[in-house]
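Me: I have a protein model open on my screen and would like to go through it with you. Could you help me read it, one question at a time?

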Amino acid sequence: MTGNIQLLSDTLAAAGAEDRAALIAYLPAGFPTVDGGIAAIKAVFDGGADVVEVGLPHSDPVLDGPVIQTADDIALRGGVKIADVMRTVREAHGATGKPVLVMTYWNPIDRYGIERFTEELAEAGGAGCILPDLPVQESAVWREHADKHGLATVFVVAPSSKDERLATITAAGSGFVYAASLMGVTGTRESVGEQAADLVRRTRATSDLPVCVGLGVSNARQAKEVAGFADGVIVGSAFVQRILDADGDEAAGLTAVRELAAELAEGVRRAS
C-alpha cells in the first residue's frame, strides 16, 4: 500500500492552475474527541479546504501557541493514541478523497517505530508528514521509509534560515515546503508581515516545490495577502479557536469551522 504524495502534489498543482493558493487547514486528532475531530475535518473540507494537516497531540508542543496547546491537552486527557490519529486520517481521506497529512513532533514517531508509522500512515491513505523538529541532517532513515511508502516529507523553514540552509532543507523535502511566516509559535496575529514574502521568494530560489505559508493567518484578508505570494495558505489556530469557542456544542463547532473554511477559501483566490 502506498501513500498519497501524488494526490497532494496534484491538488496543489490544480490550485495553481486555477490561479489561486491552496487552503491547508490544521486540526489536532482527538479534539474535542476522536469522533468530533473527524467530523471537524470533514466540515473543513466541506467548507473548501484543499488539504488538511492532522496534528498528533504531544505533551510538550514547543512550537505551538496556547490555542493548540489547549487542544492537545484536551485530546491527551481524552486518551488519544497514534491509532486514533491513523483512524482520523483514514476516515477523513476516505470520506472526501482529499489529501490528509500528519503534523507531528519527532519523538512520538521515534518511539512508535519509523517503519511501523510510515506503513500504517500509507495504509490509512495519508499523504505524508510535516516534521517541524526533525533536523534534515538526521532525517535520512525517515525519508527512506517515507519514499518507500509514497509519503511526502514536509520540512519547515523560517525567516532566520540562511539561503544555504534553505537549499539543504528543500533538497531533502517533498510535497511542499512549510514556510513559517515569522519567528515564534503558532497563533493568530494581526499581520502576517513582509518576512513571509521574502522567505517565500528565497525558498523558491532553491526549489520547484510549492511553498505554503503558515503561522498567524486567521481571516480572509490575511489569506488573500498570503495568497498573493505563496502557493498555499496554512491555517490552524483559528480553526481550533472556533471549536473551543463552541464550548462543547459540537454542532455549533462544526458550523463555525465550515464557515471559516468557506471564508478562507474565498480569500485564497487572488482576483480582487
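Reply: Happy to help; we can start with confidence and then look at strands, loops, a helix and the empty spaces.

Me: What is the average pLDDT of the protein, and where is the pLDDT below 50?

Reply: This is a predicted model, so a look at confidence comes first, as pLDDT is the predictor's confidence in each residue. The protein averages a pLDDT of 93, and 94% of the residues score at least 70. The stretch with pLDDT below 50, which has 28 contacts in the model beyond near neighbours in sequence, is residues 183-189.

Me: Thanks! How many of the residues of β1 are buried?

Reply: Take the two faces of β1 in turn, because side chains in a regular strand alternate between the two faces of the sheet. On one side A22, I24, Y26 and P28 are buried. On the other side, L23, A25 and L27 are buried too. The count for β1 is therefore seven of seven, with buried meaning under 20% relative accessible area.

Me: Which strand does β1 join through five bridges?

Reply: β1 has parallel pairings to sort out here. With β9, β1 pairs over four bridges. The strand that β1 joins through five bridges, also running parallel, is β2 (residues 51-55).

Me: What are the bridge partners of A25 in β2 and in β9?

Reply: A25 is one of the buried residues of β1. Towards β2, the bridge partner of A25 is V52. Towards β9, the partner of A25 is V235.

Me: Now for β9: which residue of this strand is the bridge partner of C212?

Reply: Strand β8 (residues 211-214) runs parallel to β9 and is joined to it by two bridges. On the β1 side, I24 stands opposite I234 in β9. Both I234 and G232 are buried on one side of β9, while V233 and V235 are buried on the other. The partner of C212 in β9 is G232.

Me: On to the loops. Is S174 buried or exposed?

Reply: S174 sits in the loop between α8 (163-172) and β7 (177-180). Leaving aside residues up to four places away in sequence, S174 touches I5, L151, A152, T153, V154 and L209. Its relative accessible area is 16%, and the cut-off is under 20%, so S174 is buried.

Me: And D247, is it buried or exposed?

Reply: D247 lies in the loop between α11 (237-245) and α12 (250-267). Its phi is near 50 degrees, a positive value in a residue other than glycine. The relative accessibility of D247 is 69% and the cut-off is over 50%, so D247 is exposed.

Me: Where does D19, which has a positive phi, lie?

Reply: D19 is not a glycine, yet its phi is about 60 degrees. Its place is between a helix and a strand: the loop between α1 (5-17) and β1.

Me: Which peptide bond is cis, with omega near 0 degrees?

Reply: Look at the loop between β1 (22-28) and α2 (34-47), where P32 is found. The cis bond there, with omega near 0 degrees, runs from F31 to P32.

Me: What separates the C-alpha atoms of A252 and A40?

Reply: A252 is in helix α12. With a relative accessible area of 35%, between the cut-offs of 20% and 50%, A252 is partly exposed. A252 and A40 are 212 residues apart along the chain, and their C-alpha atoms are separated by 11 Å.

Me: Which helix gives the largest share of the lining of the largest pocket?

Reply: The largest pocket has a volume of about 270 Å³. It is lined by 14 residues, with L56, P57, L76, I82 and P108 nearest its centre; by class the lining has eight nonpolar, four polar and two charged residues. Two helices, α4 (82-96) and α5 (106-112), each supply at least two lining residues. The largest share, four residues, comes from α5.

Me: Last one: what is the volume of the second largest cavity?

Reply: The structure holds two cavities of 30 Å³ or more. The second largest is lined by Y26, G55, L56, D64, D72, M103, T104, Y105 and P132. By class this lining has five nonpolar, two polar and two charged residues. The volume of the second largest cavity is about 70 Å³.

Methods
Residues numbered from 1 in each chain as written. Predicted model: local features only at pLDDT ≥ 70, side-chain atom pairs only at ≥ 80, totals over all residues. Heavy atoms only, no water. 1 Å grid on protein atoms, 1.4 Å probe; cavity = no way out; pocket = protein on both sides within 12 Å on 5 of 7 lines; lining within 4 Å. Points joined across faces, edges and corners; volume = space filled by probe spheres on them. Nonpolar A, V, L, I, M, F, W, Y, C, P; charged D, E, K, R; others polar. pLDDT = per-residue confidence, 0-100. Contact = heavy atoms within 4.5 Å. Buried < 20%, exposed > 50% of the residue type's maximum accessible area, 1.4 Å probe, protein only. Pairing = 2+ DSSP bridges.
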